[in-house]
Amino acid sequence: MTRINPTLTLSKSLPKSAGVVVVGLASVNTADTAAVGVTADLDKAYQKAFGHTVHEMALALGAKSEADAVTRLPARDGLRVLVVGLGDADVTPDRLRSATGVALRTAAGLADAADLQVAVSLEVSDPELIQAAAEGSLLGAYRFARLTADAPATAVASVVLVTPVVDAVQKAAAEEARVIAEAVCQARDWQNTPANLLYPESFADAARAYVKDAKIAVEILDEKALDKYGYGGILAVGGGSARAPRLARFSYAPRGATAHLALVGKGITFDSGGLDIKPAGGMAGMKFDMSGAASVVAAIRAIADLGLKVQVTAYAALAENMPSGSAYRSSDVLTMFDGQTVENYNTDAEGRLVMADAIGRAAQDKPELIVDIATLTGACMVGLGLRTAGLITNGEETSDVLLDAAETAGEDFWELPLNDYVRGQLTSTVADMRSGASQRWGGALVAGAFLERFVPEGTAWAHLDIAGPAENPDEAFGYTPKGGTGMGVRTLISLASRLADQRG
């Protein structure tokens with residue numbers, strides 16, 4: 001099945017064709033609440049049918065103003081009303097994004113066909129809030145198309161955002177939200193696809209098809225080309241699999257762009273751990289180890305669709321890490337793309353090897369900033385949990401611009417340190433460096449220090465470790481579904497937008 005992408009429109013009034021209407025409930029002081037977005041016609045209909053306003057009905061049914069609380073009111077002539085908590089009346093973009101997300105997830109669960117229209121009426125007109133509400137709605141409506149022969153096609157088909165002002169500024173904000181949400185949902189689709197269907201070759205082909213009608217040039221290196229040009233890290237990691245590795249390069253170079261951003265994504269389509277094989281329980285969810293690659297491909301397409309005046313080159317380093325007679329080993333010495341040699345310390349630390357090759361290749365493009373994104377270390381998950389990603393950079397200015405971009409996008413990152421003690425853990429007696437430390441402490445930092453070795457001096461660099469929030473193994477929350485989350489896509493787009501604005 002193909003995922004249904006809801007259409008998004010703005011309207012000054014509630015559409016009569018809506019099957020579900022989302023309104024809000026906000027706290028105005030410690031004791032009182034106020035309904036948000038309830039139109040006079042909707043109130044009149046509920047008073048006629050039930051003898052109560054929407055607000056009175058919601059309170060009678062125990063509706064709460066706490067953020068993301070959802071209450072379903074009795075249907076009236078087939079129209080269903082959802083009341084979502086907004087917290088206090090001074091709603092923020094993050095809170096609005098989450099509230100609309102949880103409301104649309106609830107609405108999607110009510111769909112009994114593929115034609116449900118949902119109207120979101122929350123009295124927002126500020127462009128930033130319009131974008132947040134639209135993003136949350138479209139991300140919350142996401143459903144991965146189940147891989148069954150008879151799965152019912154039930155989904156939200158269209159979202160109407162009711163706003164008192166509909167002009168070019170509001171429409172532009174809504175369109176930006178649509179493009180960003182579509183990119184996140186595409187990344188989620190790739191994440192959720194099982195590894196027997198999404199492997200290096202098929203992923204590269206799917207990514208090429210995804211960007212074919214955008215102004216993006218594509219180059220894909222197969223195993224022969226990788227060998228010709230000396231990509232020792234990617235070839236080593238992919239050598240144990242019957243599925244040969246790939247390196248996919250995507251280039252967007254709009255006229256007038258003065259800034260150049262390189263994006264590098266880890267694309268391990270399945271990570272068994274190789275010869276240092278994972279335990280059975282640890283292998284669950286390893287199809288998500290390609291999340292970084294999904295994020296950079298989805299992001300560059302959105303950047304092109306938005307017409308941002310910034311040159312972007314994206315690399316997806318694709319391999320499957322499997323054990324076999326041709327698999328690489330611990331203690332092997334690998335010659336990387338940039339000529340440096342690496343003593344491999346663990347075959348289950350494969351992501352940094354494919355990323356190092358891709359970073360080395362990205363450096364040849366001479367970008368001002370290289371950003372790599374990867375589900376890289378369990379250590380980052382231990383330290384930051386499942387909803388916060390790690391950030392390591394080689395400069396305070398780079399840290400600031402990444403954290404600002406993430407805050408605008410509504411994604412949570414926490415900066416981690418990098419110092420000479422950590423860098424010293426990579427000393428090797430047989431090669432230029434080891435790929436990891438001889439002890440387990442600070443694993444996320446050591447991985448960052450390793451990647452830093454492949455960044456040319458004078459080039460700004462940031463490493464995003466999304467190992468925790470790339471997959472949500474628990475129940476859905478806000479606009480985040482169970483499974484692939486598309487983490488990082490919005491931050492990369494926000495970063496590109498900032499670079500374009502700075503040079504505009």
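At which residues does UniProt place the feature "binding site"? The tour will reach the answer by way of the strands and helices around it. Please keep in mind that this is a predicted model.

**Stop 1: the sheet of 8 strands**

Begin by selecting the strands E8, E9, E11, E10, E14, E18, E15 and E16, which form an open sheet in that order. The pairing in this sheet is mixed. Strands of a sheet pair through backbone hydrogen bonds, either parallel or antiparallel. Colour E8 (217-221) and E16 (413-415) separately: they stand at the edges, and each has a single partner strand, so one side of each is left without a neighbour in the sheet. If you look from strand to strand, neighbours are turned by 20° against each other on average, with direction ignored.

**Stop 2: E10 and E11**

Next, select residues 260-271 for strand E10 and residues 311-321 for strand E11. These two strands pair in the parallel sense over 11 bridges. One of the residues to show here is Asp-271, whose bridge partner in E11 is Asn-321. Keep Asp-271 displayed for a later stop.

**Stop 3: two helices on the sheet**

Now add helix H10, residues 291-305, which packs on the sheet. H10 touches the strands E9 (246-252), E10, E11 and E14 (369-374), and its direction makes about 140° with that of E10. Then add helix H16, residues 489-503, which lies across E10, E14, E16 and E18 (460-465). Relative to E14, helix H16 runs at about 170°.

**Stop 4: the binding site**

Here the opening question is answered. In an unreviewed entry, UniProt places the feature "binding site" at Asp-271, Asp-348 and Glu-350. Select these three residues together. They span 80 residues in sequence, yet no two of their C-alpha atoms are more than 8.5 Å apart, so they gather at one spot. The lining of the largest pocket includes Asp-271, Asp-348 and Glu-350. To place Asp-348 in the fold, look at the loop between strand E13 (341-343) and helix H11.

**Stop 5: the active site annotation**

Select Lys-278 and Arg-352, which the unreviewed UniProt entry annotates as "active site". Both Lys-278 and Arg-352 belong to the lining of the largest pocket. Lys-278 is found in the loop between E10 and H9. The UniProt record, also unreviewed, lists residues 346-353 for "domain: Cytosol aminopeptidase". Within this span, 38% is helix and 0% is strand, and its end C-alpha atoms lie 11 Å apart.

**Stop 6: the largest pocket**

Turn to the pocket itself, which has a volume of about 1,000 Å³. It is lined by 44 residues, and those closest to its centre are Leu-376, Thr-377, Gly-378, Ala-379 and Met-381. Which elements give two or more residues to the lining? They are E10, H9 (280-283), H11 (351-363), H12 (378-384) and H15 (443-452). The largest share, 7 residues, comes from H12. Colouring the lining by class shows 21 nonpolar, 13 polar and 10 charged residues.

**Stop 7: the sheet of 3 strands**

Finally, select E12, E13 and E17, an open sheet with the strands in that order and with mixed pairing. E12 (333-335) and E17 (433-434) stand at the edges with a single partner strand each, so one side of each is left without a neighbour in the sheet. E13 and E17 run parallel and are joined by 2 bridges. To see where these strands face each other, display Val-342, which stands opposite Met-433 in E17.

Notes
Residues numbered from 1 in each chain as written. Predicted model: local features only at pLDDT ≥ 70, side-chain atom pairs only at ≥ 80, totals over all residues. Heavy atoms only, no water. Pairing = 2+ DSSP bridges. Helix = DSSP H or I, 4+ residues; strand = E, 2+ residues; numbered from the N terminus. Axes fitted to C-alpha atoms, helices over the stretch in contact; angles between N-to-C directions. Contact = heavy atoms within 4.5 Å. 1 Å grid on protein atoms, 1.4 Å probe; cavity = no way out; pocket = protein on both sides within 12 Å on 5 of 7 lines; lining within 4 Å. Points joined across faces, edges and corners; volume = space filled by probe spheres on them. Nonpolar A, V, L, I, M, F, W, Y, C, P; charged D, E, K, R; others polar. UniProt positions renumbered as here; feature names shortened; annotations may be inferred.
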